[in-house]
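Here are some notes for a colleague who is opening this entry for the first time. They are meant to be read with the sequence and the coordinates at hand.

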Amino acid sequence: MPANILLVEDEPAIQELIAANLARAGHHVVRAADAETAQRIVRDALPDLVLLDWMLPGMSGVDFARRLRAEERTRDIPIIMLTARGEEQDKVAGLETGADDYITKPFSPRELVARIKAVLRRRAPQVTEDAVELGGLRLDPVTHRVTAGEQSLALGPTEFRLLHFLMTHPERVHSRAQLLDQVWGDHVFVEERTVDVHIRRLRGALEAGGHDRLIQTVRGSGYRFSAQVDPADAVR
Ligand code: CA
């Protein structure tokens with residue numbers, strides 16, 4: 001499944017090489033030559049992963065990683081640091097900033113693509129092609145199908161992505177703004193009411209088998225996918 005990758009690298013030749021390889025692997029790449037530009041890009045839309053060069057003009061890659069980790073909205077973005085340094089203590093410093101992985105230049109394109117896949121699988125399962133099974137539902141990103149037992153459910157593309165995100169992040173409350181960021185990739189121009197509309201459609205698609213109950217409204221906060229029985233329902 002293609003991931004939206006933000007590549008922050010100041011050396012044009014390396015930037016070009018990495019971007020070409022990621023595109024060949026099927027990813028969408030947005031490029032920045034410095035952390036300040038990268039910050040503006042992230043402000044508009046959250047990437048699925050950041051490939052971040054350590055040594056940048058202006059704000060360093062390490063400082064940018066720290067900033068991403070310090071803010072609630074950007075805290076969970078997977079980060080892979082790129083560096084020419086091979087020193088063990090630099091590696092430790094890089095991981096201490098909150099990077100998920102660390103690749104020393106020069107690296108092979110194959111290695112980079114494999115590392116990205118591993119980090120996404122661990123940190124952003126909604127952008128991988130792994131099937132998810134939960135609460136009696138099975139969602140398969142490869143065939144783009146959702147099934148409840150033998151029954152195949154018809155979902156629109158947005159409902160599919162919404163369900164995929166919710167199923168890979170269950171038992172947690174997601175605000176409308178967070179869902180816009182994660183599922184729509186746009187928290188600025190899309191209205192929060194849009195989320196409610198698609199949640200309603202998703203529930204409608206899940207209703208036949210009673211699976212609409214898995215999508216819970218948390219008053220004043222947002223929505224949650226829960227495969228556990230709601231205690232309030234159990235009492236009644
Ligand atoms: Ca550099």
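At what angle do α7 and α8 pack, and how far apart are their axes?

1. The helix pair α7 and α8. In this model, which is a predicted one, α7 and α8 pack at an angle of about 75 degrees, and their axes are 9 Å apart. An angle from 65 to 115 degrees counts as roughly perpendicular, and α7 and α8 are therefore roughly perpendicular to each other. On the α7 side the contact is made by R176, L179, L180 and W184, and on the α8 side by T194, V195, D196 and H198. By type, the residues of this contact of α7 with α8 divide into four nonpolar, two polar and two charged.

2. The helix pair α6 and α8. Helix α8 also meets α6, in a contact where T158, E159, L162, L163 and L166 of α6 face H198, I199, R201, L202 and L206 of α8. The residues of the contact of α6 with α8 divide into six nonpolar, two polar and two charged. The axes of α6 and α8 come within 9 Å and cross at roughly 85 degrees, which makes α6 roughly perpendicular to α8. H198 is worth selecting in the viewer, as this residue of α8 is listed in the contact with α6 and is listed again in the contact with α7.

3. The largest nonpolar core. This core has 26 residues, and within it L137 and L163 touch the most other members. Two or more residues each are given to this core by β7 (137-140), β8 (145-148), α6 (157-168), α7 (176-184), α8 (193-206) and β11 (222-225), and the largest share, six residues, comes from α6. Leaving aside neighbours within four places in sequence, L163 is in contact with L137, L139, V146, L155, L202, L206, I215 and F225. Another core, of 21 residues, lies apart from this one, and among its residues are A38, W54, M59 and A65.

4. The calcium site. The calcium ion is coordinated by D10 (OD), D53 (OD) and M55 (O), at 2.1 to 2.3 Å, and the spacing of these donor residues in sequence is D-x42-D-x1-M. The pair D10 and D53 links distant parts of the chain, with D10 in the loop between β1 (4-8) and α1 (12-24) and D53 in strand β3 (residues 49-53), 43 residues apart. D10 is partly exposed, at a relative accessible area of 27%, whereas D53 is buried, at a relative accessible area of 3%. Water is not among the atoms, so the site may look incomplete.

5. Backbone features to check. Most residues other than glycine have a negative phi, and most peptide bonds are trans. Against that background, the peptide bond from K105 to P106 is cis, with omega near -5 degrees, and P106 is found in the loop between β5 (101-104) and α5 (109-123). H144 is not a glycine and has a positive phi, near 60 degrees; this residue is found in the loop between β7 and β8 and counts as partly exposed at 48% relative accessibility. E171 is likewise not a glycine and has a positive phi of about 60 degrees; this residue lies in the loop between α6 and α7 and is partly exposed, with a relative accessible area of 32%.

6. Buried or exposed: which word fits L112? L112, found in helix α5, is buried, with a relative accessible area of 1%. Leaving aside neighbours within four places in sequence, L112 is in contact with I18, L22, L51, L82, I103 and F107. One of these partners, L82, is 30 residues from L112 along the chain, and the C-alpha atoms of the two are separated by 9.8 Å.

7. A buried loop residue. A99 is found in the loop between α4 (88-96) and β5. At 9% relative accessibility, A99 counts as buried, since buried means under 20% relative accessible area. A99 and R66 are 33 residues apart in sequence, while their C-alpha atoms are 8.8 Å apart in space.

Key
Residues numbered from 1 in each chain as written. Predicted model: local features only at pLDDT ≥ 70, side-chain atom pairs only at ≥ 80, totals over all residues. Heavy atoms only, no water. Donors = N, O, S within 2.8 Å, 3.2 Å for Na, K, Ca; no water. Helix = DSSP H or I, 4+ residues; strand = E, 2+ residues; numbered from the N terminus. Buried < 20%, exposed > 50% of the residue type's maximum accessible area, 1.4 Å probe, protein only. Core = buried A, V, L, I, M, F, W, Y, C linked by side-chain atoms within 4.5 Å. Contact = heavy atoms within 4.5 Å. Axes fitted to C-alpha atoms, helices over the stretch in contact; angles between N-to-C directions. Parallel < 35°, antiparallel > 145°, perpendicular 65-115°, else oblique. Nonpolar A, V, L, I, M, F, W, Y, C, P; charged D, E, K, R; others polar.
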